[in-house]
Amino acid sequence: MATPETRGVDSDLETAEKIILRWDSTTSEEAKENLIFQSGGDREEVDRYLKAVDEVQRHISSISISDEVKATIQIAMARLEDELRNILISQTSTFEPDSLLLDSSLSSSSFASSSRTELEDDTCDDGNEEEEQQQVDLVLPDGSGSDSGSRRLSRSRRSNSKSTSSIREIDLVTPEAVSDLRSIAQRMIGAGYSRECVQVYGNVRKSAMEMIFKQLGIVKLGIGDVQRLDWEAVEVKIRRWIRAAKVCVRVVFASEKRLCEQIFEGTMEETCFMEIVKTSALQLFNFPEAISISRRSPEKLFKILDLHDAITDLLPDMEEIFDSSSSESILVQATEIQSRLAEAARGILTEFENAVFREPSVVPVPGGTIHPLTRYVMNYLNLISDYRETLIDLVMTKPCRGLKCTNDRNDPDMDISELEGISPLALHMIWTMVMLQFNLEEKSLHYRDEPLSHIFVMNNVHYIVQKVKSSPELMELIGDKYLRKLTGIFRQAATKYQRATWVRVLNSLRDEGLHVSGSFSSGVSKSALRERFKAFNTMFEEVHRIQSTWSVPDTQLREELRISLSEHLIPAYRSFLGRFRGHIESGRHPENYLKYSVENLETAVLDFFEGYTTAPHLRRSQ
């Protein structure tokens, strides 16, 4: 006979079963069309249903549990599964990633957004030279090339500030929904339906994650897909990836993890979190992985460094988010990609050095002006200096080619005994300039006019010096010692130019051989003097005609060279003219020999190194 206590329990169970069966969507149209957990719904009904589930679950462990009770709990679990799915789906649209991309704390970090610049765009000379159209082919070992006349680099100038950890957890679902989801999860897990609960939760949230990724512009791309893209298209994708990755890690993944913790409260949270984000996280890092193993070429360096810096910046946040053994693989993948990007950057630097050394163009640039290779390399090194903080950590070895003195004309020559103690990055940059200088020396040999070869070397090494001086970052890396050496090289080239050009011209103004003496007379040989004036006029006219078409694009250097030239030429001509003018004027046709006054020469010197296409008219004495 049933006791009052037993009758009470049976009555409670029967009431609970009735509530659960009333919401059986397989037998009730009303239950099929309505939800228990719905916005603005009857919260008392929610509480009644949850209490009914709790009541039935209390009987699950009873040995004498009837099949009806077992069926009832199955019906309840199926209903809770539907309710769980519906709540999650109804909350999916609350996340708006586009607005987060505009958040300054997420879209900026230690580096600013990239801007594009040509390597040939420089600010340390006044030239407007047509030779800029000449192309330079930097042939890399893999056969790819970089054309300084047409290639552009992506330049990322970074601020000195480092971004701090900026995990920003947001509500992916409303607090009310979190409470309901937690209530449902607790009962499904308690009834032994944890697998079904995680499966439903994971499927809906994975779909939400896919939608977020799509909104952020992260699409599924295989390594082959990325490597087949034009590099300019890849650059755009890199910029977008960096912005999107910050949102994914610091907002989406972090918030997803918090949501799992709130709903599952230590029971299944890690399992559920990884069920949701693992595929998306691996997809997120497929793109930088493809970049890290792509074919290397100079223009890729700076975007590779941007990716490396972005991942480096995100790793502390990822360590906080993926802090369990089950999520370790994602952290390992990101760390390995960071390492491969670093290796790619080091490889590009080494290959760039070798490409500079081997650059094969042999056609002399007109007028001995700045070679496109020089502009390309120095602007490239200037961009590298912007990334010095990153590269100082990445470049841990000296340049691959031996830095030692050699007398072999076919190999660069450098003594680095005075450069000990500087960073490997600085050595790499100096070594690149050494190979550039060596290549320029080789190119200078293709000029038929020896003085022009010296002008070419002077122009290009002076350009290197000015580019270093104009960049505090580059100057800090290169240092004063090597800069002084470069300064000595271009001044030595200027001296060689003056000797090669003006020694013969000034020799025509010497006194030797002009005086005659004998037993009856002593004086000046007018015929010899006329030949001297004639020789000077011819040589000066020829030098003026040729060298006014030569170019020294730097205004200050051009002026210094003219002053130095005048300091040797003008006094010598003035003295010679003063001593011997009378001898010519007293003879026949003096205008054929005294063609130029001192003022004429001073004016003519101003035509030198202007890069004229046609030599200007040389004024004669009136």
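**Helix packing and selected residues in a predicted model**

Glu81, Leu84, Arg85, Leu88 and Ile89 of helix H4 are in contact (heavy atoms within 4.5 Å) with Glu196, Cys197, Val200, Tyr201, Val204 and Arg205 of helix H8. By class, this contact of H4 with H8 holds seven nonpolar, no polar and four charged residues; here Ala, Val, Leu, Ile, Met, Phe, Trp, Tyr, Cys and Pro count as nonpolar, Asp, Glu, Lys and Arg as charged, and the others, Gly among them, as polar. The model is a predicted one, in which local features need pLDDT of at least 70 and side-chain atom pairs count only at pLDDT 80 or more, while totals for chains, interfaces and linings use all residues. Residues are numbered from 1 along each chain as its sequence is written, and side-chain values use heavy atoms, with hydrogens and water left out.

A view of the whole protein helps to place these helices. Its secondary structure comes to 22 helices and four strands, where helices (H or I, at least four residues) and strands (E, at least two) are DSSP runs numbered from the N terminus. Of the 622 residues, 51% count as buried; buried means under 20% relative accessible area, exposed means over 50%, and partly exposed lies in between (1.4 Å probe, protein chains only). Among contacts with a separation of 6 or more, residues 24 or more positions apart account for 83%.

To return to the opening pair, the axes of H4 and H8 come within 10 Å and cross at roughly 20 degrees. That makes H4 roughly parallel to H8. Axes are lines fitted to C-alpha atoms, for helices over the stretch in contact, and angles run from 0 to 180 degrees between N-to-C directions. Angles under 35 degrees count as roughly parallel, over 145 as roughly antiparallel, 65 to 115 as roughly perpendicular and the rest as oblique. H4 passes H8 in a right-handed crossing; a crossing is right-handed if the near helix is turned clockwise from the far one by less than a right angle, and left-handed if anticlockwise.

H4 (residues 67–91) also packs with helix H7 (residues 175–190), at an angle of about 150 degrees and with the axes 10 Å apart. H4 and H7 are therefore roughly antiparallel to each other, and H4 passes H7 in a left-handed crossing. On the H4 side the contact is made by Met77, Leu80, Glu81, Glu83, Leu84, Ile87, Leu88 and Gln91, and on the H7 side by Ala177, Asp180, Leu181, Ile184, Arg187 and Met188. These residues divide into nine nonpolar, one polar and four charged.

Ala208 offers a closer look at H8, the helix that spans residues 194–216. With a relative accessible area of 2%, Ala208 is buried. The C-alpha atoms of Ala208 and Ile276 are separated by 9.4 Å, although the two residues are 68 residues apart along the chain.

The next pair is H11 (residues 269–292) and H12 (residues 301–321), whose axes come within 11 Å and cross at roughly 160 degrees. H11 and H12 are therefore roughly antiparallel to each other, and H11 passes H12 in a left-handed crossing. Phe273, Phe285, Pro288 and Ile291 of H11 meet Ile304, Leu307, Ile311, Met318 and Ile321 of H12. This contact has nine nonpolar, no polar and no charged residues.

Ser324 follows in the loop between H12 and helix H13 (328–358). At 18% relative accessibility, Ser324 counts as buried. Its side chain is joined to that of Glu270 by a polar contact of 2.8 Å; such a contact is a pair of N or O atoms within 3.5 Å, where within protein one must be able to donate a hydrogen and the other to accept it, and residues adjacent in sequence count only if both atoms are side-chain atoms.

Further along the chain, Phe490 lies in helix H19 (residues 480–507) and counts as buried at 4% relative accessibility. Leaving aside neighbours within four places in sequence, Phe490 is in contact with Met458, Val461, His462, Val465 and Leu557. Phe490 and Val465 are 25 residues apart in sequence and 9.0 Å apart in space, C-alpha to C-alpha.

Two residues are noted for their backbone angles. His589, in the loop between helix H21 (555–585) and helix H22 (598–605), has phi near 50 degrees, a positive value in a residue other than glycine. His589 is partly exposed, with a relative accessible area of 45%. Phe609, in the segment after H22, has phi near 65 degrees, again a positive value in a residue other than glycine. Phe609 is buried, with a relative accessible area of 1%.
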